[in-house]
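Student: Could you take me through one part of this structure slowly? I would like to see how a single piece fits in with what lies around it.

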Amino acid sequence: MTTRSPIGRQLQAYEEGWKAHHDEAMRFWDFQEQLTIGIAIFNAIANRNGSWRERVSQGLDSFSEEENSEVICLFKWWFKVADRNLSQLEVYEEQFGPIDLSVGFRECYDSAEKTIADWVPPVLSKAQALHADELTQEEAERLHHILENGEGRLRHQPKPIQ
Amino acid sequence: MSSPTVPQGEPNAGTIPTTEKRSEISCTPLVPPVSFSENLLSEVANFDCGAESYETEVADWIRAPRGKGGALDDMANNKTQVWLYRTAANELVGYGSLGQTAWRWDNPKKGPWVPIYVIPFLGVQTPFKKQPPGPKDQRYSHRILDDLIYKAVTHSNKHRLLGLCVHPENESAIAFYKRFNFAEYTLNKQGYLRMVLDLHGSTGSAPFPPQTS
């Protein structure tokens, strides 16, 4: 798995931290810190996935098998480390009762598991309206005109179906 | 436009009587829409809103399994929201969708991407087009589009524009959107007509967009 990206480097440190703590029987407070870091890294991976999917879907980026592989590998890597943390979490919970961040960490864990299991690479949307558009100068001027003269202005109160 | 093509709010002129109730449908009112999801895919397997290419693409989008660039992919990849609309008699009338994209229109190629709302597709099944009989603003297509506009103006992001794409030959759809004051804009690279609605409108003295409670 790659360590080139900033997230990859963080993941590597996260994994090494787990090993070190595991070797010395990981102290409880250090473990909570490990959970905090794990949640933060998961959110960074999820954000990257979301941003990449949106760009491919909207036509701003072409799909790349290399990037697809890299993003899913980040999830798998995180999940592998988190799996060990989860085992340790259960041990601590048995010992000390409820632990801060355990709910948030488990949500990340479940989300990662589901993301990996349901993985479908992003694809350009068939809905052209969803494609991002770089307007020409002429089109931009036309749009300014529409907005300024009220040509396309909503003039009624829309009603929801209730 | 918003789908591409589509729109489909109204059928081609003359295909369906405009003032008579179709015997095979109940003509009961719409009930609140339900969010579309993968487990509802089988319910739209026979979705049909016409045979024209700009009508079949509307049906194809909602019926597409993951990986084909349809509704389910857009829900997963860019947070598009999709709803199924049914009557009180549980007939599937159609679907509507609301998504977001970005246009770079202020100082093109250099300026920031400006987020806008879009209606990727809106589809009404053939038997329900121009139904129920009576005022146009009570038709299923009208009620669905009005509901989508309501969802846009009350959305938390407060984008100014609501856009969509219509096949230029789909004259009935263009007329349908114009009744809501969508302005005909320009053709996109694929030859679809972009239409836009400025949500920062005004209804006169009434506050608008409506206050959310």
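Tutor: Happy to help; what follows is a walk along one strand and its partners. Please keep in mind that this is a predicted model.

Let's choose strand S3 of chain B, which spans residues 92–104. Is this strand covered or open? It is mostly covered, as 10 of its 13 residues are buried.

Now for the neighbours in chain B. Strand S2 of chain B, made of residues 81–86, pairs with S3(B) in the antiparallel sense, and 6 bridges link the two. To find one of these bridges on your screen, look for B:Gln81, whose partner in S3(B) is B:Leu98. S2(B) and S3(B) also form a hairpin, with 5 residues between the two strands. Within that turn, have a look at B:Asn90, which has a positive phi of about 70 degrees.

Next comes strand S4 of chain B, residues 114–118, which runs antiparallel to S3(B) and is joined to it by 5 bridges. Here you can place B:Thr101 opposite B:Ile116 of S4(B). Strand S5 of chain B, residues 122–124, is antiparallel to S3(B) as well, and 3 bridges connect them. For this pair, a good place to rest your eye is B:Gly96, which stands opposite B:Leu122 in S5(B).

Then follow S3(B) across to the other chain. Strand S1 of chain A, residues 133–134, pairs with S3(B) in the parallel sense over 2 bridges. On this side, A:Asp133 stands opposite B:Trp103, while A:Glu134 has B:Arg104 as its bridge partner in S3(B).

With that link in view, let's step back to the whole contact between the chains. Chain A brings 40 residues to it and chain B brings 57. On the side of chain A that touches chain B, helix H2 (28–57), S1 and helix H5 (137–149) each supply at least two residues. The largest share of that side comes from H5(A), with 7 residues. Sorted by character, the residues on this side of chain A are 18 nonpolar, 11 polar and 11 charged.

So to retrace the route on your screen: start at the hairpin of S2(B) and S3(B), move on to S4(B) and S5(B), and finish at the parallel pairing with S1 of chain A.

Methods. Residues are numbered from 1 along each chain as its sequence is written. Chains are lettered from A and ligands numbered from 1 in the order in which they are written. This is a predicted model: local features need pLDDT of at least 70, side-chain atom pairs count only at pLDDT 80 or more; totals for chains, interfaces and linings use all residues. A residue is buried if 20 or more other C-beta atoms lie within 10 Å of its own, exposed if 12 or fewer, and partly exposed in between; C-beta atoms are placed from the backbone. Helices (H or I, at least four residues) and strands (E, at least two) are DSSP runs, numbered from the N terminus. Two strands pair if DSSP finds at least two bridges between them. Two residues are in contact if their C-beta atoms, placed from the backbone, lie within 7 Å. Ala, Val, Leu, Ile, Met, Phe, Trp, Tyr, Cys and Pro count as nonpolar, Asp, Glu, Lys and Arg as charged, and the others, Gly among them, as polar.
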